[in-house]
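The exercises below are meant to be worked through with the sequence and the model side by side. Try each task before reading the solution that follows it.

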Amino acid sequence: VGEKVQAIYLWWHKPVINKELLQSLPNLKVIANSGVGMDHLDLKLVASFGVKMANAPRAVSNSTADTGMALLLASARRLVEVHNISISPSVEYCEANILGVKVAGATLGIIGMGSIGYKVALRAKAFEMNILYHNRTRRKAQEEHTVGATYCKKIDSLLQQADFVMLVVSLTPQTHKLIGKRELELMKPTATLINVSRGAVVDQEALVAALQTGVIGAAALDVTSPEPLPRDHPLLKLKNVLLTPHLGIKTDKASYMITEEAVENILAALNGLSLPSEVLPS
């Protein structure tokens, strides 16, 4: 049926898009992705076949921002740890020395102030946090004012000041291992690293070492590299790490909205119209 196929809807990186598949689909016009990240696609290869590409940024931004704030709050208040204490059959009282980190008044540094990063800032403002951000391009003054965010032209300045650092960037050659040993050592020893982007944005070996030696205080990760981690990976054994299995967009409404957005892009391509969420090769 290769000649009949005009559109592909990618769900969780399936089907795998390679040269052989593209060659077998001579009438393919569009590939619509279920999410924002396009790092699993060779954009230039796809474009060389005259195929358009689209993602789903509108559908995923709120759910991913919610996940980022949930990780921040859960890590700060040690929710998993105290939950396990609370349900333990031997517990008689909760020790007073199980202290969390105060969120209100703390400084949040957001690396990547796109649609998701900006929605994180809106939520952080409601928690009375001080907000710093680093982005390739600076937001408009009115947008900064709305969330009370301060722009850091250099990432180093943000890392040195933030109590919580949240990664909300796309995975590109420029952001691969964006946070490594040098960047972790710039952070406060009490700081928490939160990642809702892609696992490869962080040098995982450097992160493990930083968490083991007290270079930073904690990490809350919705993404790792690979996913899932091998069952003997040291990140699974650290008490100052909170892990979730790439839940960023996984809500009932977000999944439905992602499909709607994909269909909207597919229909536009098939009807010769501009794609609402077209992604071009860089």
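**Exercise 1. Determine how many helices and strands the protein chain has, and how its radius of gyration stands against the globule rule.**

Solution. Begin with the secondary structure of this predicted model: the protein chain has 10 helices and 10 strands. Next, take the radius of gyration, which is 21 Å and close to the 19 Å that the globule rule gives for 282 residues, so the chain is as compact as a globular protein of that length. Along the principal axes, the C-alpha atoms fill a box of roughly 65 × 50 × 35 Å. Finally, consider burial and contacts: 45% of the 282 residues are buried, and among contacts between residues at least 6 apart in sequence, 61% join residues at least 24 apart.

**Exercise 2. Work out which strands pair with β9, and in which sense.**

Solution. Start on one partner, strand β8 (residues 192–195), which pairs with β9 in the parallel sense over four bridges; within this pairing, Ile194 has Ala220 as its bridge partner. Then turn to strand β10 (residues 241–243), which also pairs with β9 in the parallel sense, here over three bridges, and in which Leu242 is the bridge partner of Ala220. Ala220 therefore has a bridge partner in β8, namely Ile194, and another in β10, namely Leu242. The connection from β8 to β9 involves helix α9 (residues 204–213), and the three elements make a right-handed β-α-β unit.

**Exercise 3. Decide whether the faces of strand β9 are covered or open.**

Solution. First recall that in a regular strand the side chains alternate between the two faces of the sheet. Then sort the residues of β9 (218–221) by side: Ala218 and Ala220 lie on one, Ala219 and Leu221 on the other. As all four are buried, both faces of the strand are covered.

**Exercise 4. Describe the largest nonpolar core and the elements that contribute to it.**

Solution. This core has 34 residues, and those that touch the most other members are Leu72, Leu108, Ile110, Val120, Met129, Phe164 and Met166. The elements giving two or more residues to it are α3 (57–76), β4 (107–111), α5 (115–126), β5 (130–134), β6 (149–151) and β7 (164–167), with the largest share, eight residues, coming from α3. Apart from this core lies another, of 29 residues, which includes Ile111, Ile155, Ala206 and Ala210. To look at one member of the largest core in detail, take Ile110: beyond four places in sequence, its contacts include Val120, Ile131, Tyr133, Leu158 and Met166.

**Exercise 5. Classify the two aromatic pairs by the geometry of their rings.**

Solution. For Tyr9 and Trp11, the ring centres are 6.1 Å apart and the planes stand at 65°, so the pair is edge-to-face. Tyr9 is partly exposed at 28% relative accessibility, and Trp11 is likewise partly exposed, at 41%. For Tyr133 and Tyr151, the centre-to-centre distance is 5.2 Å and the angle between the planes is 50°, which makes this pair tilted. Because Tyr133 lies in strand β5 and Tyr151 in strand β6, the pair ties together parts that are 18 residues apart in sequence. Both Tyr133 and Tyr151 are buried.

**Exercise 6. Establish whether Ile116 is buried or exposed, and which residues it contacts.**

Solution. Ile116 is found in helix α5, and at 13% relative accessibility it counts as buried. Leaving aside neighbours within four places in sequence, Ile116 is in contact with Val36, Val60, Ser61, Thr64, Ala65 and Val168.

Terms used: Residues numbered from 1 in each chain as written. Predicted model: local features only at pLDDT ≥ 70, side-chain atom pairs only at ≥ 80, totals over all residues. Heavy atoms only, no water. Buried < 20%, exposed > 50% of the residue type's maximum accessible area, 1.4 Å probe, protein only. Pairing = 2+ DSSP bridges. Right-handed = clockwise from strand over helix to strand, strands pointing away. Core = buried A, V, L, I, M, F, W, Y, C linked by side-chain atoms within 4.5 Å. Contact = heavy atoms within 4.5 Å. Phe/Tyr/Trp six-rings, centres within 6.5 Å; stacked < 30°, edge-to-face > 60°. Rg over C-alpha atoms; globule rule 2.2 N^0.38 Å.
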